[in-house]
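Here is a walk through one protein model, from its overall make-up down to a single helix and its packing. Please keep the sequence and the 3D view open while reading.

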Amino acid sequence: MKNIDLRALAPADIVVTKAGRLDQRDMDDIEACIRKFKLTMNSIVRRGKQVEYAGNQDVFDHNLESVTARFFGKGANKKKQKKSP
């Protein structure tokens with residue numbers, strides 16, 4: 001057993017990975033990761049921007065916004081638009 005090297009994803013990576021599919025079980029797992037590891041919205045969004053998603057990028061972006069809105073407040077991940085004068 002000396003040659004076994006066990007590795008696991010970081011909590012933010014788990015959240016970002018699960019955001020790709022985002023079914024109810026994924027939402028439950030995401031919530032558990034956020035609570036247990038005290039993840040911030042910024043850590044999740046930052047990691048999500050670093051990932052090159054293999055599927056539909058628009059769906060992934062929407063799912064990530066849904067996750068941040070659900071767990072950190074509505075519109076939490078939306079860029080603030082400048083008001084015109």
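Helices here are DSSP runs of H or I with at least four residues, strands are runs of E with at least two, and both are numbered from the N terminus. With that assignment, the elements of this predicted model run α-α-α-α from the N terminus on. The protein has four helices and zero strands.

Some totals describe the chain as a whole. Of the 85 residues in the protein, 28% are buried. About 6900 Å² is exposed by the protein, and 51% of that area is supplied by carbon and sulfur atoms. Taking the contacts between residues at least 6 apart in sequence, 66% join residues at least 24 apart.

Helix H1 spans residues 11-19, and its buried residues are Ala12, Asp13, Val15, Val16, Lys18 and Ala19. What covers these buried residues? The cover includes helix H2 (24-37), helix H3 (41-50) and helix H4 (57-72).

The pairing of H1 with H4 can be followed further. Their axes come within 8 Å and cross at roughly 125 degrees. That angle makes H1 oblique to H4, because angles from 65 to 115 degrees count as roughly perpendicular and those over 145 as roughly antiparallel. On the H1 side, Val15, Val16 and Ala19 take part in the contact, and they meet Phe60, Asn63, Leu64 and Val67 in H4. By residue class, this contact of H1 with H4 holds six nonpolar residues, one polar and no charged. The spacing along each helix fits a general rule: an α-helix has 3.6 residues a turn, so residues three or four places apart point the same way.

Conventions
Residues are numbered from 1 along each chain as its sequence is written. This is a predicted model: local features need pLDDT of at least 70, side-chain atom pairs count only at pLDDT 80 or more; totals for chains, interfaces and linings use all residues. Side-chain values use heavy atoms; hydrogens and water are left out. Buried means under 20% relative accessible area, exposed over 50%, partly exposed in between (1.4 Å probe, protein chains only). Contact means heavy atoms within 4.5 Å. Axes are lines fitted to C-alpha atoms, for helices over the stretch in contact, and angles run from 0 to 180 degrees between N-to-C directions. Angles under 35 degrees count as roughly parallel, over 145 as roughly antiparallel, 65 to 115 as roughly perpendicular and the rest as oblique. Ala, Val, Leu, Ile, Met, Phe, Trp, Tyr, Cys and Pro count as nonpolar, Asp, Glu, Lys and Arg as charged, and the others, Gly among them, as polar. Accessible areas come from the Shrake-Rupley method with a 1.4 Å probe; for residues, only the protein chains shown count as cover.
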